[in-house]
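Here's a walk through one protein model, written for someone who'd rather be at the bench. Have a look at the structure first, and then we'll take it piece by piece.

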Amino acid sequence: MASDFLSVISPSDPSTRDPGSGGQVLPVLPVRSTVLFPHAVLPLTVGRESSIQLIQSLGEEKTIVVVAQRDERLDEPQPSDLYSIGTMATVHKVVKMPNQSLFVFTEGTERVKLGEFNQLEPFMTARVERVDEVHAEKSAELEAMQRNVTAHFQQIVTASPTLSDELQTIALNIEEPGRLVDFIASSLPFLSTTDKQELLETPDVAMRLERMNKHLVKEAEVQQLRNKIQSEVQDQVQQSQRDYYLREQMKAIQKELGEMDEGQKDIEELRQKIEGAGMPEEVKKEAIKELNRLARMSPMAADYSLTRNYIEWLAVLPWAKSTGGEVDIAKAREILDEDHYDLKTVKDRILDYLSVRSLKPDMKGPILCFVGPPGVGKTSLGRSIARALGRKFQRISLGGMHDEAELRGHRRTYIGALPGQVVQALRRAETNDPVFMLDEIDKLGRDFRGDPASALLEILDPEQNYTFRDNYLDVPFDLSKVLFICTANILDPIPAPLRDRMEIIDLAGYTEDEKTHIAFRYLIPRQIKENGIPQGESGDPLIEFPEGSVRYIVRHYTREAGVRKLEQLIGTICRKQARRLVEGGKEKLVVTQEVIHEFLGGIKVRVDTEIAERTKRPGVAVGLAWTPVGGDILFIEANRMKGKSGFTMTGQIGQVMQESMQAALTWVRSNAASLGLEEDFMKELDIHIHVPSGGIPKDGPSAGVAMAMVLVSLMTDTPLRPLTAMTGEITLSGNVLPVGGIKEKFLAAKRAGVRDVILPAENRQSVEEDLTPEQIEGVNIHYASRVEDVLAVAFPLSLSQVKKDEAERDRVIAHAGA
């Protein structure tokens, strides 16, 4: 637009009107997104009704004040919506447009300041005062600044395709600094209304010149960057065009020579892979369709690499490749026995599966779930099963997985999409019948990205997984030949529909004898090898673990269901011996109790002596608890003091355990007479029951029997039988109900040195099915269906004999401690 009105810019100073000392009243014309500078001609389009009336009311004087609006969106601005500094202007020409608006040519004459508004309707008028410019004395600095501004302006005009070159000539002919700034400001389209208004409101010429210089420097830098970017883009386009022409010429030459280009070779290789992959017909049809689409694409196309990756995934998956052949049951049993001690139930289940598969090769793979505490060999058992079956082994950790797409894959519409972990594991295994270990299935997460457990419903269902459809592949894949094995510490977090699809196999903890056998058969040889213990002249390693020392470590340094901690301690001793050998020692180390104390420190776990000491006084009983890491013993203590029938329960216990305590107290109070107690024995007493380890949450009904025995022991001042533990739920009528986790609880009691265990009578079958004679050996099991049965075992002497012989009590406890 600047080039359209260059001819009407006045080359010399126009005469100015003196509005007088009191100011002159002039009509005010508000304009949007426009600032009129003195000595500049600006065409304006006037469309507001008030503005049209203003122009039409002008007489011969035709002098107005042009002022910019602060907010260009306002259609009816008020005085407060206008800037206080505007430009007095003369209207030279008015042209009426077809749409009833006016096209007005105005020429700015001088800066004015708006004063009091005299009229608002039908248009605004205001008293204005001239704003005189502040001229600085001529100096070298001012002249240098003016030349700098002119040079930058010339640079910008030269580089800009929209600005006329005539602007440079006009700028060079303007000698006055203030007028030069006004001319440049009115000529540059990139200056905002705010920046132009700021220049208009700056009467100091030197300051105005400095501000204009900053704007020009900034614009010059922007132009340089824009030109650089445009040059780089143009170079890239030229390079792409050059590559395209060369590629087309190469194709023509190869066609004349009868050769194939790289793209055609790649397509042909993919076609051969598809033909040899053994895909189902439906999948092959999809792969060929995508391959033909790829052949028509340019290698420079955005979808080329995405489509090629998709076809590559389809071509490399083991659609028809299996490893399972003839199964040797005897060899499989030998491998399982070689890798793992005991675990008869698991081994029998695997051998049953192999037997059925040898009779029916096309059977669907079972979905097994090993549940047990850490360190009992769940994951390593999966590797042994794969070795026994002669299959590949793949493990996927599900712990902390929140995104369903981790299993099902991402759709190809997403950038960086990939198949899910299941398909990726199949590609790594290169066979369609591997052993899949889905580790930590009880630790799956769930959030806004989906529920991985829901995706497993299809993966782990033999009736559905033969058509498993990954989101990325979007074609069915048969997972029915895969042997899925899941592991978990507890079953509660696993959703019921998912748990229903799996065959649950419990792996309880090990006894001291079992841990000792495992240590000699697996742990000690492995740690000797891993720590580089050399062999002596006799051919034996330079370290020896006597059986008594291993049992000593198991009994006094570990209290766990598995053998992970035991292996760590054996590894510690081996590392100490390795250090001794490196430092110059050559003697064979025999691990004695003294060596154990030196390398591992003092005794960490006191078993039977701890129970004997703590149950020495009345009001203490040993209960049995089930935890996600195996069974454990649970001390329950009670005390009494003077009060008014108060009953306090502490130890971070849950609601169910609190109700068990209330039920036990109610039974004791209702049977006070038969127990030799006064019926109102709590009238002047307060009772406090505490379950130690208060920092650990506890809950469940299985401690009801122990609660009742604690109260009876406290009120009769009679200690319970030493080295005795018990479990079972109690009712108000005195019945003892069955509980779960019997195997874990029993093994925990045996590890702790308990000699007598009281169990609900209805759990007898669980003991016979889950525990072996070797595990039961050394522990007396007593079954109880009523609380009276528990009393008969827990208090071997008559309850009427409250005052026991002190010497007899000490002898029993001393014997227990021994």
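Let's start in the middle of a sheet: Cys 369 has Ile 504 as its bridge partner in strand E13. Keep in mind that this is a predicted model.

**The sheet around E7**

Cys 369 belongs to strand E7, which covers residues 367–371. E7 pairs with E13 (residues 503–506) through 4 bridges, in the parallel sense. Besides the Cys 369 pairing with Ile 504, you'll find Phe 370 standing opposite Ile 505 in E13.

E7 also has strand E12 (residues 483–488) as a partner, and here 5 bridges join the two parallel strands. At this border, Val 371 stands opposite Ala 488 of E12.

Zoom out a bit and you get an open sheet of 5 strands in the order E8-E9-E12-E7-E13, with parallel pairing. Strand E8 (393–397) and E13 sit at the edges with a single partner strand each, so each has one side without a neighbour in the sheet. On average, neighbouring strands in this sheet are turned by 20 degrees against each other, ignoring direction. As a bit of background, strands of a sheet pair through backbone hydrogen bonds, and they can do so in parallel or antiparallel fashion.

So is E7 buried or exposed? Of its 5 residues, 5 are buried, so the strand is largely enclosed by the rest of the structure. Its side chains split two ways: Ile 367, Cys 369 and Val 371 point to one side, while Leu 368 and Phe 370 point to the other, and all are buried.

What lies across E7, E8, E9 and E12? That's helix H12 (residues 378–389), and it runs at about 175 degrees to strand E9 (435–439).

**Three helices, two packings**

Next up are helices H17, H18 and H19. H18 (residues 547–557) takes part in both of the packings listed here.

| Helix pair | Angle | Axis separation |
|---|---|---|
| H17 (residues 512–530) and H18 | about 115 degrees | 10 Å |
| H18 and H19 (residues 564–582) | about 125 degrees | 11 Å |

With that angle of about 125 degrees between H18 and H19, H18 counts as oblique to H19. The H18 and H19 crossing is right-handed. Where they meet, H18 brings Ile 553, Val 554 and Tyr 557, and H19 brings Leu 566, Leu 569 and Ile 573. Sorted by class, that contact comes out as 6 nonpolar residues, with no polar and no charged ones.

The crossing of H17 and H18 is right-handed too. From H17, the contact uses Glu 512, Asp 513, Lys 515, Thr 516, Ala 519, Phe 520 and Ile 524, and from H18 it uses Glu 547, Val 550, Arg 551, Val 554 and Arg 555. By class, the H17 and H18 contact has 5 nonpolar, 1 polar and 6 charged residues. Val 554 of H18 is worth clicking on: it appears in the contact with H19 and in the contact with H17.

**Backbone spots to look at**

Now for a few loops. Where is Pro 122? Pro 122 is in the loop between strand E5 (102–119) and strand E6 (125–130). The peptide bond leading into Pro 122 from Glu 121 is cis, and its omega is near -5 degrees.

Gln 652 isn't a glycine, yet its phi is positive, near 55 degrees. You'll find Gln 652 in the loop between strand E18 (646–650) and helix H22 (655–670), where it is partly exposed with a relative accessible area of 42%.

Asp 717 is another non-glycine residue with a positive phi, near 55 degrees. Its loop is the one between helix H23 (704–716) and strand E20 (724–726). Asp 717 is partly exposed, and its relative accessible area is 34%.

**A buried methionine**

Last stop: Met 212, in helix H6 (residues 205–257). Met 212 is buried, with a relative accessible area of 0%. Which residues does Met 212 touch, not counting those up to four places away in sequence? The answer is Val 149, Val 181, Ile 184, Ala 185, Leu 191 and Leu 199.

For a sense of scale, follow the chain from Met 212 to Ser 454, 242 residues apart: their C-alpha atoms are separated by 66 Å.

Technical notes: Residues numbered from 1 in each chain as written. Predicted model: local features only at pLDDT ≥ 70, side-chain atom pairs only at ≥ 80, totals over all residues. Heavy atoms only, no water. Buried < 20%, exposed > 50% of the residue type's maximum accessible area, 1.4 Å probe, protein only. Pairing = 2+ DSSP bridges. Axes fitted to C-alpha atoms, helices over the stretch in contact; angles between N-to-C directions. Parallel < 35°, antiparallel > 145°, perpendicular 65-115°, else oblique. Left-handed = near helix turned anticlockwise from the far one by under 90°. Contact = heavy atoms within 4.5 Å. Nonpolar A, V, L, I, M, F, W, Y, C, P; charged D, E, K, R; others polar.
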